[in-house]
Each structure stands twice: as C-alpha cells, then as structure tokens.
Amino acid sequence: MLSRPRRNRHSATIRGLIRETELLPSHLVQPIFLMPDPNARLPVQSLPGTFRLGIEEVVIEVGECIKLGIHSFIMFPAVPEEHKNKTGTYATSHENFYLHAATRLKKEYPDICLVSDVALDPYSSDGHDGVVINGKIDNDETLLLLDAMSVAQAKAGFDIIGPSDMMDGRIGSIRRALDEEGFTDVAIMSYCAKFASAFYGPFRDALDSAPRLLEDVPTDKKSYQMDPANRREALREAALDAAEGADYLMVKPAINYLDIIRDLHQAHPLPVAAYHVSGECAMLLAAAERGWLDYEAAATEALLSIKRAGADVIITYFAKDYASWWKSGRV
Ligand code: PBG
C-alpha cells in the first residue's frame with residue numbers, strides 16, 4: 001500500500017495542520033427575540049435555552065456574548081396582539097419597542113453589528129410576510145411597506161437590513177429607499193433563497209407569527225417562499241438580488257439546504273449567509289435532552305458542515321454556546 005490516508009490523521013497536531021475548515025465565533029450571528037416589557041424573560045417552549053427578552057435583559061445578554069467573541073446579532077420583535085393589523089402599521093410607529101431597543105443597544109455597544117428583520121409577519125394580524133388583499137399576498141403593495149420599515153430600522157441604528165419576506169423586487173426597492181434617505185452605508189442581507197420549510201415552527205411559537213386560520217387568508221407561505229424541491233430557482237433569486245444591490249445572499253434553512261449554500265457560494269462573489277433555523281436547532285436539542293446525542297459535539301459538527309458547504313456567516317441559536325466552547329479551547 002503506497003497511499004495511507006490515515007497517516008494524515010495520526011495525531012491531533014497533524015489533524016490540526018491539515019484542517020480545511022475553521023469556524024470562528026466572529027462568523028456567527030446570535031438571534032434575539034425581543035419583548036416590550038423591559039425586564040421580560042420568557043422561555044420559548046419549543047426551543048430550550050432560548051428566551052424572549054425585554055431590553056434590559058438583552059443588554060445583559062449581548063454583554064455576555066461580546067465577552068465570548070460574538071459581536072453580531074439579529075433581532076426579532078414579539079409584538080403584542082393589540083398592535084397587530086392587516087398592514088402592520090406598528091412596524092414604523094414612533095412607539096415601536098423594537099426600534100427603541102436597536103437605538104439603545106447601539107448606544108451601549110457601538111461596535112456590535114445589528115441585523116434587522118424586514119417582513120410584515122411579526123406585525124400582521126393575518127400572520128403573513130406581505131399584505132393580504134382579496135385572499136392574496138399583494139407583492140407591490142407590500143414593497144411600499146417594506147421600504148418604510150427598512151428606513152425606520154436604518155434610522156433606529158440597525159447596521160444591516162434583513163428582508164425575510166420573499167417579495168419580488170424588494171431588494172432594489174429597499175436599496176433605493178435607503179439611499180434616498182442617505183443610508184448608503186446600511187447594508188442589505190437578503191434572504192434570497194428562503195424555502196417554505198416545516199422547520200420554522202419554534203420561531204413562529206416565539207413570535208406567535210404563524211399564518212392565521214382566517215377566512216380569505218392563505219394558510220401557508222408557499223406563494224412567496226420557495227419550493228424545497230428547487231435548486232435552479234435559488235440561483236435565479238440570487239442573481240436578481242445581487243443585481244438589485246444585495247450585500248449578502250442568505251440561504252434558509254441551512255442543514256437541509258447545504259447544496260444550495262454551495263451553489264450560491266460558487267455562483268456569486270457576495271458573502272453567503274446561512275440561517276440555521278429554529279426547527280433545525282430544536283431537533284438537535286430534543287435528541288440531546290433524551291441523551292440520544294451529545295449537544296456540544298453534534299452542534300459543533302452541524303455548524304462546521306454549514307461552513308464547509310460554503311457559508312461565510314451563520315445565524316444560529318447555538319452561537320453563544322459555540323463561542324463558550326471555543327473560548328475554553330474545546331472545539
Ligand atoms: C419570517 C421569518 C421566519 C423566520 C425568520 N423570519 C419564519 C417564517 O418565514 O415563517 C424563521 C427563523 C427560524 O425558524 O429560526 N419573516
């Protein structure tokens with residue numbers, strides 16, 4: 001035998017020498033669910049270890065993450081029912097606790113990178129990412145609302161605007177709206193390949209944002225989120241978003257869509273972000289709770305796989321834990 005691949009796995013030092021993929025805490029984005037009550041700390045039942053937090057708790061949480069090497073955060077609002085309506089007007093209200101929280105966080109920690117969420121669903125009484133008119137999600141009416149929402153978020157201090165709604169033409173529309181208001185330095189992370197996935201369950205629990213069972217309201221998001229069967233459609237979406245001025249291309253979910261991450265990585269020079277979504281994290285946590293998987297080893301392997309597939313940035317509910325394992329030299 002002339003070739004023995006095991007020679008290159010002989011010791012930890014040799015394995016370290018030839019390791020191809022390195023995942024650093026600086027590549028990770030920690031999601032935060034925000035509640036209006038400043039001192040709230042409410043667990044998300046379907047995602048153990050994740051809480052809906054009030055701003056005071058978020059300030060503490062972000063401080064802890066920074067000490068561990070996590071400097072990027074994506075924030076989502078859990079909006080009380082009384083503030084929801086068909087067009088999500090609360091999204092741009094001066095009273096919006098989400099916008100105030102962003103301003104406060106950037107004041108406390110000017111060096112963090114704060115990513116927003118642009119879509120109607122947290123604010124919509126129909127539970128959809130766009131506005132429902134005559135039983136349909138109206139694309140072009142929605143764009144106007146998304147533009148206004150994005151500008152309000154840029155004014156509040158968000159560094160990156162994160163449109164997660166999958167309407168056609170929204171990247172160009174938002175880019176123009178931001179530039180017109182002078183926010184040329186505010187970037188756009190486009191959820192360009194976002195699939196109509198069954199893995200968003202815990203997230204919708206956290207925000208109570210699932211499509212509502214109402215008459216004349218579609219019960220799923222399949223008319224705007226992508227069919228999980230399609231690969232080339234992701235390339236088409238990515239090409240449009242890149243041409244419209246996106247600064248990042250996102251694939252979501254991550255683990256079930258590693259091929260799409262690889263496709264976008266190869267097709268475009270833009271950084272690729274992958275969203276390791278709530279259901280993907282919940283599955284792993286549930287198995288770990290039963291003692292069927294080792295949380296640290298399985299989570300590390302999952303995140304490494306997303307990076308190896310070609311993601312530059314990973315949004316994951318495991319960000320803080322991974323950073324603490326990294327800091328202690330275990331991963
Ligand atoms: C909706 C949005 C969703 C997620 C992020 N933004 C859910 C959905 O499309 O219904 C899911 C993220 C996760 O599951 O962690 N704008």
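**Burial, backbone geometry and packing in the predicted model**

Asp208 counts as partly exposed, because 14 C-beta neighbours lie inside 10 Å, whereas 20 or more would be needed for a buried residue and 12 or fewer for an exposed one. The structure described here is a predicted model. Asp208 belongs to the loop between H6 and helix H7 (232-243). Although Asp208 is not a glycine, its phi is positive, at about 50°.

Asn134 is a further non-glycine residue with a positive phi of about 50°. The loop that holds Asn134 runs between strand S6 (131-133) and strand S7 (136-138). Asn134 is exposed, because 6 other C-beta atoms lie within 10 Å. A special feature of the backbone also occurs at Pro253: the peptide bond that joins Lys252 to Pro253 is cis, and its omega is near -10°. Pro253 is placed in the loop between S10 and H8.

The chain as a whole provides the setting for these local features. Its secondary structure consists of eleven helices and twelve strands. Along the principal axes, the C-alpha atoms fill a box of roughly 70 × 45 × 40 Å. A compact globule of 331 residues would have a radius of gyration near 20 Å, and the value for the chain, 20 Å, agrees with this. Of the 331 residues, 47% count as buried. Among contacts between residues at least 6 apart in sequence, 73% link residues that are at least 24 apart.

In soluble globular proteins, nonpolar side chains tend to be buried together. The largest nonpolar core of this chain has 104 residues, of which Leu34, Met75, Val251, Ile261, Ala273, Ala274 and Ile306 touch the most other members. Helix H4 makes the greatest contribution to this core, giving seven residues. The surroundings of Met75 can be described in detail. Leaving aside residues up to four places away in sequence, Met75 touches Ile32, Leu34, Tyr98, Ala101, Ala102, Leu114 and Ser116.

Tyr98, Ala101 and Ala102, which appear among the contacts of Met75, are also among the buried residues of helix H3. The other buried residues of H3 are Phe97, Leu99 and Leu105. H3 comprises residues 97-108, twelve in number, and its first and last C-alpha atoms are 16 Å apart, close to the 16 Å expected at 1.5 Å a residue. An α-helix has 3.6 residues a turn, so residues three or four places apart point the same way. The buried residues of H3 pack against both strands and helices: the strands are S1 (28-34), S4 (72-77) and S5 (113-115), and the helices are H2 (55-68) and H4 (139-156).

Several positions illustrate how residues separated along the chain are arranged in space. Leu24 lies in the loop between helix H1 (12-17) and S1. Leu24 and Tyr322 are 298 residues apart along the chain, yet their C-alpha atoms are separated by 9.0 Å. Leu24 is exposed, because it has 11 other C-beta atoms within 10 Å.

Asn256 is found in the loop between strand S10 (248-252) and helix H8 (258-267). Its C-alpha atom is 9.8 Å from that of Ile306, a residue 50 places away along the chain. With 15 C-beta neighbours inside 10 Å, Asn256 counts as partly exposed.

Ala242, by contrast, is part of a helix, H7. The C-alpha atoms of Ala242 and Gly172 are separated by 9.5 Å, and the two residues are 70 apart along the chain. Ala242 also touches Leu249, His268 and Leu270, when residues up to four places away in sequence are not counted. Ala242 has 19 C-beta neighbours inside 10 Å and therefore counts as partly exposed, since a buried residue requires 20 or more.

The model also contains a ligand, which is surrounded by Asp117, Ala119, Asp121, Asp129, Ser164, Tyr200, Phe203, Arg204, Lys221, Val277, Ser278 and Gly279. The elements that provide two or more residues to this shell are helix H6 (201-207) and helix H9 (278-289). By class, the shell is made up of five charged, four nonpolar and three polar residues.

Technical notes. Residues are numbered from 1 along each chain as its sequence is written. This is a predicted model: local features need pLDDT of at least 70, side-chain atom pairs count only at pLDDT 80 or more; totals for chains, interfaces and linings use all residues. A residue is near a molecule or strand if its C-beta atom, placed from the backbone, lies within 6 Å of it. Helices (H or I, at least four residues) and strands (E, at least two) are DSSP runs, numbered from the N terminus. Ala, Val, Leu, Ile, Met, Phe, Trp, Tyr, Cys and Pro count as nonpolar, Asp, Glu, Lys and Arg as charged, and the others, Gly among them, as polar. The expected span of a helix is 1.5 Å times one less than its number of residues. Two residues are in contact if their C-beta atoms, placed from the backbone, lie within 7 Å. The radius of gyration is taken over C-alpha atoms; the globule rule is 2.2 Å times the number of residues to the power 0.38. A nonpolar core is a set of buried Ala, Val, Leu, Ile, Met, Phe, Trp, Tyr and Cys residues joined through C-beta atoms within 7 Å.
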